[in-house]
Amino acid sequence: MSIKCDKCKHASIIYQRYSGMHLCKKHFMEDVERKIKLTIRKHYPVKKNETIAVAISGGKDSSVLLYMLHKIFGERPDIRLIALSVDEGIVGYREKTLEQAKQLTNRLGIEHIILSFGQEYGRTMDEIASWDREKGTCSYCGVLRKSILNRKALELGATKLAIGHNLDDEAQTIMLNHLKGDVERMVRLVPPCELEGLVLRIKPLRFVPEKEIAIYAYLNDLPLSTGACPYAHEAMRGEVREILDNFEDRHPGTKYALLSGFDKIANILSRELPVARLVHCRICGQAASGELCQACKLLGK
Ligand code: SF4
């Protein structure tokens with residue numbers, strides 16, 4: 001006999017160990033959508049006449065993000081959604097996800113702009129990965145991607161830049177910052193962190209576990225798999241992911257606890273350690289905390 005949903009008589013498709021609830025397809029989808037809408041209302045309220053740039057890689061998280069923002073704001077004539085993708089230049093990996101991103105933006109009828117490291121920086125991620133360098137590949141990739149997205153969002157007059165980070169990503173980032181003792185980065189994680197020269201980054205999926213994003217994507221015929229980036233194994237994030245997954249398995253709710261605990265101390269953190277005022281990078285003009293922005297520093301300009 002199949003297990004019934006705790007909210008109706010239909011068959012359950014998921015058991016949320018952290019909430020103790022069995023949910024059917026309808027109530028599971030409602031639960032995911034409720035969490036996303038609540039996060040937007042609480043942390044990132046959208047006003048009239050806003051332009052929201054949505055970073056989309058073509059993977060499950062950013063696809064669910066774009067799908068949901070379209071579902072919430074698609075009927076609002078005063079809200080403009082623009083999808084932005086970045087081609088880092090990782091052969092055998094990025095081409096596939098960009099194709100998925102194109103298909104989704106076509107399906108939803110959303111304007112889609114594809115940017116690339118090659119055009120912006122004159123070198124691809126594969127080239128950078130072959131350099132003799134101090135930092136890991138993902139550090140370069142993350143900083144350069146953030147920079148390119150921010151520049152384009154500013155150029156388009158976007159008031160928000162939506163990113164598809166889910167609960168697992170957020171919990172991993174908090175843990176990583178603790179392990180590295182990087183308090184400055186922690187302050188920048190406090191939502192919403194508004195700084196002049198940086199388009200406000202919003203993370204509407206931050207209270208939805210990765211596994212649920214995957215199920216939601218599957219149920220809505222959205223892209224699921226992106227394959228693995230050839231450089232992913234280099235990142236410390238992978239180790240933190242394993243630790244947190246083990247903890248979540250043995251103590252359901254660990255990831256939520258980590259995020260909620262962080263949010264509670266976040267305001268105190270930002271009051272006690274205000275983020276340094278940003279200036280313009282001497283080389284590229286992007287927002288920077290010193291003479292050069294992170295991207296120009298990393299590229300050794
Ligand atoms: Fe870039 Fe690292 Fe992600 Fe690969 S795993 S796309 S190198 S950040």
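For the classes used here, Ala, Val, Leu, Ile, Met, Phe, Trp, Tyr, Cys and Pro count as nonpolar, Asp, Glu, Lys and Arg as charged, and the others, Gly among them, as polar. By that scheme, the lining of the second largest pocket comprises seven nonpolar, two polar and eight charged residues.

Colleagues, this is a predicted model, in which local features need pLDDT of at least 70, side-chain atom pairs count only at pLDDT 80 or more, and totals for chains, interfaces and linings use all residues. Residues are numbered from 1 along each chain as its sequence is written, and side-chain values use heavy atoms, with hydrogens and water left out.

The volume of the second largest pocket is about 350 Å³. A pocket here is an open set of points on a 1 Å grid over the protein atoms alone, where a 1.4 Å probe fits, with protein on both sides within 12 Å along at least five of seven lines; lining residues have an atom within 4 Å of a point. The volume is the space filled by probe spheres set on the points. Among the 17 lining residues, Tyr18, Pro209, Lys211, Glu248 and Lys255 are the closest to the pocket centre.

Let me turn to helix H10. Helices are DSSP runs (H or I, at least four residues). The buried residues of H10 (under 20% relative accessible area, 1.4 Å probe, protein chains only) are Val240, Leu244 and Glu248. They lie on the same side of H10, because they cover an arc of only 70° around the axis, taken from the directions from the helix axis to the C-beta atoms. The face turned away from that buried side carries Glu239, Glu242, Asp249 and Arg250, which are exposed (over 50%).

Methods. Helix = DSSP H or I, 4+ residues; strand = E, 2+ residues; numbered from the N terminus.
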